[in-house]
Amino acid sequence: MDSTTSESVAWRAYARSLAVHGYGYPLWDANPTEDYGEIFVGDVGYIRGGVFKHLFHTVQESYPQPLNNRCPEGFEKLSPPNLLVTKPYRKIDQPHVLSRSIKGARVEGGASILLPGQPVSASANIKFSCQEDSGALLLLEPPAMSVDIENHRMVKSYMKQQFKRWYDFANREYGIGLADDEILFVTGTTKTTAWIATTFHGHDKTEEATFSCDIQKLADFKCSVTISRSEKLFPNPDYKWGPS
């Protein structure tokens with residue numbers, strides 16, 4: 001279980017604020033992990049600190065299993081002949097997704113927020129008013145592309161048959177200590193090529209705020225984020241970016 005730190009509060013607040021848009025679970029840190037890489041439909045895992053932690057994969061024979069190439073005892077793949085997996089399609093075409101507490105947002109400093117091809121640097125501002133004392137923003141390079149399993153009833157039946165094995169694998173064999181609702185099956189993914197996720201709190205609802213993002217791409221991707229109101233900086237906002 002995550003301790004109550006700035007980081008743990010940030011990823012929970014970010015997910016809670018943006019999940020209402022229906023794009024799936026908003027990962028605070030969506031970078032591919034060093035041990036397994038990207039997330040794919042058919043992955044089973046759990047979330048810690050806003051990161052998806054892989055347990056095993058259920059669909060593709062060619063995918064390596066992340067935990068020493070091990071699977072639950074009696075494991076069966078989800079591989080019926082009529083499994084329907086969509087081809088990648090456009091899911092998010094706008095350059096930002098904002099929490100519902102943010103109103104009247106407008107972009108200044110350029111038409112695009114993230115410019116991966118920019119050789120030196122880029123910067124942009126988003127000005128907004130916030131109707132609550134906190135908020136969250138996702139800035140991305142559009143479009144974000146999605147892939148989904150469409151056989152929802154089939155997936156539910158498969159999970160019902162297999163779940164006890166998954167639970168025992170995570171908790172008895174590896175001692176992770178997951179509750180039932182913490183074990184997740186990935187039925188869809190939405191991915192982009194570059195992004196910044198940020199969340200903030202302590203905002204005065206009566207004042208307009210400015211989100212400033214400076215991006216440098218020299219040898220690698222770097223960024224800094226500030227949020228201010230009336231010439232006064234917020235407490236340092238929490239943010240993650242990728243690829244990192």
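## Close-up views of pockets, a cavity and charged contacts

About 50 Å³ of space lies in the largest cavity. These legends describe a predicted model.

**Figure 1. The largest cavity and its lining.** A search of the whole structure finds one cavity of 30 Å³ or more. The lining residues of the largest cavity include Leu27, Asp29, Ala30, Asn31, Pro32 and Thr33. Also in this lining are Gly37, Glu38 and Ile39, together with Val51, Phe52 and His54. Sorted by class, six of the lining residues are nonpolar, four are polar and two are charged.

**Figure 2. The largest pocket.** The volume of the largest pocket is about 970 Å³. Its lining comprises 37 residues, and those nearest the centre of the pocket are Tyr25, Leu27, Ala30, Thr189 and Thr190. Two or more lining residues come from each of helix 1 (6–18), strand 3 (89–92), strand 7 (134–140), strand 8 (144–148), strand 9 (184–185), strand 10 (188–191) and strand 11 (195–201). Strand 10 supplies the largest share of the lining, four residues. The lining of the largest pocket divides into 24 nonpolar, nine polar and four charged residues. Leu27 and Ala30 are among the residues that line the largest cavity, and both are also named among the residues nearest the centre of the largest pocket.

**Figure 3. The second largest pocket.** The second largest pocket holds about 270 Å³ of space. Of the 16 residues that line this pocket, Ala13, Arg16, Ser17, Ser134 and Gly135 lie nearest its centre. Helix 1, strand 7 and strand 11 are the elements that each give two or more residues to the lining of the second largest pocket. Helix 1 gives the most, with six residues. By class, this lining has four nonpolar, eight polar and four charged residues. Helix 1, strand 7 and strand 11 also appear among the elements that give two or more residues to the lining of the largest pocket.

**Figure 4. Aspartate 43, a buried acidic side chain without a salt bridge.** Aspartate 43 is located in strand 1 (residues 43–48). The residue is buried, and the nearest side chain of opposite charge, that of lysine 191, is 7.4 Å away. The side chain of aspartate 43 does form a polar contact of 2.6 Å with the side chain of histidine 57.

**Figure 5. The salt bridge between lysine 191 and glutamate 38.** The structure holds six salt bridges. In the one shown here, the closest N and O atoms of lysine 191 and glutamate 38 are 2.7 Å apart. Lysine 191 belongs to strand 10 and glutamate 38 to the loop between helix 1 and strand 1, so this pair ties together parts that are 153 residues apart in sequence. Both partners are partly exposed: the relative accessible area of lysine 191 is 29%, and that of glutamate 38 is 39%. Glutamate 38 is also one of the residues lining the largest cavity.

**Figure 6. The salt bridge between aspartate 93 and arginine 90.** The side chains of these two residues meet at 2.9 Å, N to O. Aspartate 93 has a relative accessibility of 44% and therefore counts as partly exposed. Arginine 90 is exposed, because its relative accessible area is 55% and the cut-off for exposed residues is over 50%.

**Figure 7. A salt-bridge network that includes residues of helix 2.** The side chains of aspartate 168 and lysine 164 meet in a salt bridge of 2.7 Å, N to O. These two residues are four residues apart in helix 2 (residues 152–173), so about one helical turn separates them. Aspartate 168 counts as buried, because its relative accessibility is 17% and buried means under 20%. Salt bridges that share partners join Lys164, Asp168 and Arg172 into one network.

**Figure 8. Two cis peptide bonds that lead into proline.** The peptide bond from proline 142 to proline 143 is cis, with omega near 0°. Proline 143 is placed in the loop between strand 7 and strand 8. The peptide bond from glycine 242 to proline 243 is likewise cis, with omega near 0°. Proline 243 is found in the segment after strand 15 (238–242).

Technical notes
Residues numbered from 1 in each chain as written. Predicted model: local features only at pLDDT ≥ 70, side-chain atom pairs only at ≥ 80, totals over all residues. Heavy atoms only, no water. 1 Å grid on protein atoms, 1.4 Å probe; cavity = no way out; pocket = protein on both sides within 12 Å on 5 of 7 lines; lining within 4 Å. Points joined across faces, edges and corners; volume = space filled by probe spheres on them. Nonpolar A, V, L, I, M, F, W, Y, C, P; charged D, E, K, R; others polar. Buried < 20%, exposed > 50% of the residue type's maximum accessible area, 1.4 Å probe, protein only. Lys, Arg positive; Asp, Glu negative; His and termini not counted. Salt bridge = Lys/Arg side-chain N within 4 Å of Asp/Glu carboxyl O. Polar contact = N/O pair within 3.5 Å; in protein donor to acceptor, adjacent residues only side chain to side chain.
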